[in-house]
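Student: I should like to learn how the features of a structural model are read. May we work through one case together?

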Amino acid sequence: MNNTFKGGLETQSHEITLQELAVEGSIPHWLVGSLIRNTPAQFEIGAQSYRHWFDGLAMLYSFTFENGRVSYRNRFIESKAWRENNETGEIKFPQFGTNPRQSLFSRLSTAFKKRPIGGNTNVNVARFGDRFVALTERALAMVFDPHTLETLGVYDYEKTDAQVSTAHPQFDFARNIGITYAAKIGIMSSEYRFYNLNGTKLDLLATIPTQKLAYIHSFGMTEHYLLLAEYALKLSNVLAMIVIGKPFAENFEWLPEEGSRFIVVDKASGKIVSEVETEAFFAFHHINAFERDGEIVADLAAYPDAKIVQQFYLDALRADGAGIASSEFRRYRIPLRGGGRATYELVTDENIEFPRINYEQFNGKPYGCVFGMSIQQGTTDFYNQLTKFDVTTGAVKKWYEADCYPGEPVFVAAPEASNEDTGAVLSVVFDSQRDTSFLLVLDGRSFGEIARVRLPQHIIPFGFHGQFFKEQ
Ligand SMILES: [Fe+2]
């Protein structure tokens with residue numbers, strides 16, 4: 001057991017700009033644009049502390065590539081939460097695992113409103129039309145300048161009463177439309193919803209009623225369908241959530257006897273075309289999905305239970321020897337007609353989290369390759385290697401370096417690439433021996449290192465997701 005990763009879970013309050021960083025190896029000349037990533041970076045507010053990894057105040061950072069040169073900058077998202085928390089020295093807005101100290105009256109008066117949302121959008125980034133946004137699991141995003149990372153304002157969706165959403169919208173390039181998930185929580189029943197993104201308008205596409213809302217972090221998409229996996233981690237008592245005022249995450253219960261359910265929605269009509277059950281499981285991330293012979297093949301980074309949500313509490317992560325669960329690379333087969341059950345097999349014995357694919361060309365289609373973070377077998381402390389998976393054969397290639405903890409591997413396809421994996425894989429790594437972070441550039445095909453760019457005396461906290469944006 002090795003706990004040297006813990007330096008990646010500490011507050012980073014310095015905002016810096018580094019114009020030209022030393023490059024070991026060489027950056028491909030076709031790699032032009034910016035890797036922009038989102039991370040929780042402040043975990044203490046005055047004398048108070050956030051409790052969960054998902055709670056920290058959002059910081060954007062970017063590595064910008066031009067003619068083989070690399071620059072870096074980072075900047076907090078200047079949200080209402082960031083401003084009011086730091087002005088008052090108190091946590092003022094609810095987060096996933098931490099609530100502000102609030103009176104019952106205050107909780108009741110705000111529980112079913114779209115706000116109070118502090119705009120602490122710390123999970124992912126995306127481009128909606130000509131605007132760059134930071135996303136979290138709320139129906140609200142923050143707009144930022146992709147060059148300076150300056151916060152420009154709120155991207156306020158119009159006309160939605162949904163309280164929760166996803167930081168993982170899908171993009172249907174064939175139809176040139178974005179699609180997102182949201183949920184409306186009610187005392188007696190709740191609804192899962194899919195929306196087409198139409199500027200700041202959300203056009204309701206589908207409504208799926210449910211007695212107990214499951215915690216859903218992402219959804220799947222094929223050429224014709226959207227795929228909702230309803231896990232067995234469910235909101236069983238909404239009234240208690242409001243009255244008792246427990247943080248959002250603590251109101252979800254693991255209910256394995258209820259099993260899990262896949263719901264397939266037609267992208268064009270919004271109609272539910274298939275609804276099948278399967279044994280209880282949990283996942284944060286869909287990897288990819290596609291249609292084949294009357295069924296949907298759906299790959300997920302799946303857990304047999306939801307303990308991982310508890311293991312991501314900061315006290316648990318920082319505790320000596322605690323460890324985290326590793327997820328399985330499961331391939332589910334979901335019948336499109338005639339009911340039945342969904343079944344799965346493992347694509348490989350290797351674990352996978354924060355999966356990324358060649359999204360623009362292969363999302364929703366049969367595909368061959370996934371990149372992910374994983375935990376080296378025999379260790380359980382934290383994600384400590386990068387893995388490339390051949391989905392067809394189950395074969396893997398790995399990048400590992402002792403005492404280094406890599407983040408989500410973002411694949412960037414080379415221009416006019418003839419293979420799915422021709423390109424570069426970008427991952428930000430915390431080097432616990434040097435107490436700094438570096439950007440690692442791997443070759444997409446060989447998975448060998450082609451460059452690394454070290455940040456002098458600067459740690460980028462472990463974050464969640466980022467995207468590569470070609471020159472804007
Ligand atoms: Fe995610």
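**Reading a predicted model**

Tutor: Let us start with one residue, E345, which lies in strand β26, spanning residues 343-351. Please bear in mind throughout that this is a predicted model.

Student: Is E345 buried or exposed?

Tutor: The general idea is to count the C-beta atoms around a residue: 12 or fewer others within 10 Å make it exposed. E345 has 9 other C-beta atoms within 10 Å, and therefore is exposed. As for its position relative to R333, the two are twelve residues apart in sequence, and their C-alpha atoms are 8.7 Å apart in space.

Student: How should one read the burial pattern of a helix, and which residues of α1 are buried?

Tutor: An α-helix has 3.6 residues a turn, so residues three or four places apart point the same way. In α1, which covers residues 80-88, the buried residues are A81, W82 and N85. Their directions, viewed down the axis of α1, fall within an arc of 100°, so these buried residues line one face of the helix. E87 and T88, on the other side of α1, are exposed.

Student: Against which elements do the buried residues of α1 pack?

Tutor: They pack against three strands: β4 (44-45), β6 and β7 (69-76). After α1 comes G89, with a positive phi near 70°.

Student: What is the general idea behind a nonpolar core, and which residues have the most contacts inside the largest one here?

Tutor: In soluble globular proteins, nonpolar side chains tend to be buried together. The largest nonpolar core of this model has 140 residues, and A134, L227, Y231 and A283 have the most contacts inside it. Strand β6, residues 57-66, contributes the largest share of this core, with seven residues.

Student: With which residues is A283 in contact, leaving aside its neighbours within four places in sequence?

Tutor: With that exclusion, the contacts of A283 are A229, Y231, L300, A301, A302, Y303 and S327. Y231 is thus named twice, as a contact of A283 and among the residues with the most contacts inside the core.

Student: How does one then read the chain as a whole?

Tutor: One begins with its secondary structure, which comes to six helices and 36 strands. The radius of gyration is 21 Å, close to the 23 Å that the globule rule gives for 472 residues, so the chain is as compact as a globular protein of that length. Its C-alpha trace spans about 60 × 60 × 45 Å along the principal axes.

Student: What share of the residues is buried?

Tutor: Buried residues make up 49% of the 472 in the chain. Of the contacts with a separation of 6 or more, 57% join residues 24 or more positions apart.

Technical notes: Residues are numbered from 1 along each chain as its sequence is written. This is a predicted model: local features need pLDDT of at least 70, side-chain atom pairs count only at pLDDT 80 or more; totals for chains, interfaces and linings use all residues. A nonpolar core is a set of buried Ala, Val, Leu, Ile, Met, Phe, Trp, Tyr and Cys residues joined through C-beta atoms within 7 Å. A residue is buried if 20 or more other C-beta atoms lie within 10 Å of its own, exposed if 12 or fewer, and partly exposed in between; C-beta atoms are placed from the backbone. Helices (H or I, at least four residues) and strands (E, at least two) are DSSP runs, numbered from the N terminus. Two residues are in contact if their C-beta atoms, placed from the backbone, lie within 7 Å. The radius of gyration is taken over C-alpha atoms; the globule rule is 2.2 Å times the number of residues to the power 0.38. The arc is that of the directions from the helix axis to the C-beta atoms.
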